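Hi,

Here is the model I promised to pass on. Have a look at it, and then read my notes underneath.

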Amino acid sequence: MKYRFENFGGIIASQAPPFLAFVDRDYMRQLGLGDSPLWDTEDESVGLLSAPTEVHFAITNKCSLKCPHCYMAAGQKDEKEMDTDSFKRALDVLAQMKVFHIALGGGEAMERDDLFEIAKYAKQKGLVPNLTVSGAKITPKIAYPNFIPFLHRRARRIIVSDTNNGFLPGDQP
Ligand code: SF4
């Protein structure tokens, strides 16, 4: 069971069904998870969360659809886009912080060749990867070797964006 201490008690991650439970100090003790230095203060209301529960990575600004209504103004790849190793180092830090979920989006995340490598690394580090994609790149050739096995083994939540409904690339908003 993955959990994290907080000033008020802790956060527990359930696998099935998937949810995060915010519980008090007594309940953490009842679960046999021990005490935390964060509990040295009597005031359980002090402080914010020790870390985010979920972090969103826009792993690319590239998206060939270039929808006119895109809130990210996605289209061209950013010249300063992080490489694979940089994302892995960032995931190392987030894992140390005991972040629970990592959302991978864009732009169109599937326009990066290393999307599944990054997602797999996140999973290895104990982070639950969530993918946010438009669906436009999920062809049978990609889906069967990559996407479908990923759905079965690694993903917790799939969001297929519907933002292109009613618009075609090049339409005016
Ligand atoms: S598919 Fe999504 S990310 Fe790509 S341009 Fe359209 S709204 Fe933006």
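**What I found**

Strand β1 (residues 2-6) and strand β2 (residues 9-14) run antiparallel and are joined by five bridges. Before going on, a word on conventions: this is a predicted model, where local features need pLDDT of at least 70, side-chain atom pairs count only at pLDDT 80 or more, and totals for chains, interfaces and linings use all residues. Residues are numbered from 1 along each chain as its sequence is written.

Strands here are DSSP runs of E with at least two residues, numbered from the N terminus, and two of them pair if DSSP finds at least two bridges between them.

Back to the first pair: the link from β1 to β2 is a hairpin of two residues. If you want a spot to look at, R4 has I11 in β2 as its bridge partner.

I11 also faces the other way along the sheet, standing opposite F22 in β3. Strand β3 (residues 19-24) runs antiparallel to β2, with six bridges between them, and the hairpin connecting β2 to β3 has four residues.

So how are the three strands ordered in the sheet? The order is β1-β2-β3, in an open sheet with antiparallel pairing. Because β1 and β3 are at the edges with a single partner strand each, one side of each has no neighbour in the sheet. On average, neighbouring strands are turned by 20 degrees against each other, direction ignored (axes are lines fitted to C-alpha atoms, and angles run from 0 to 180 degrees between N-to-C directions).

Cheers
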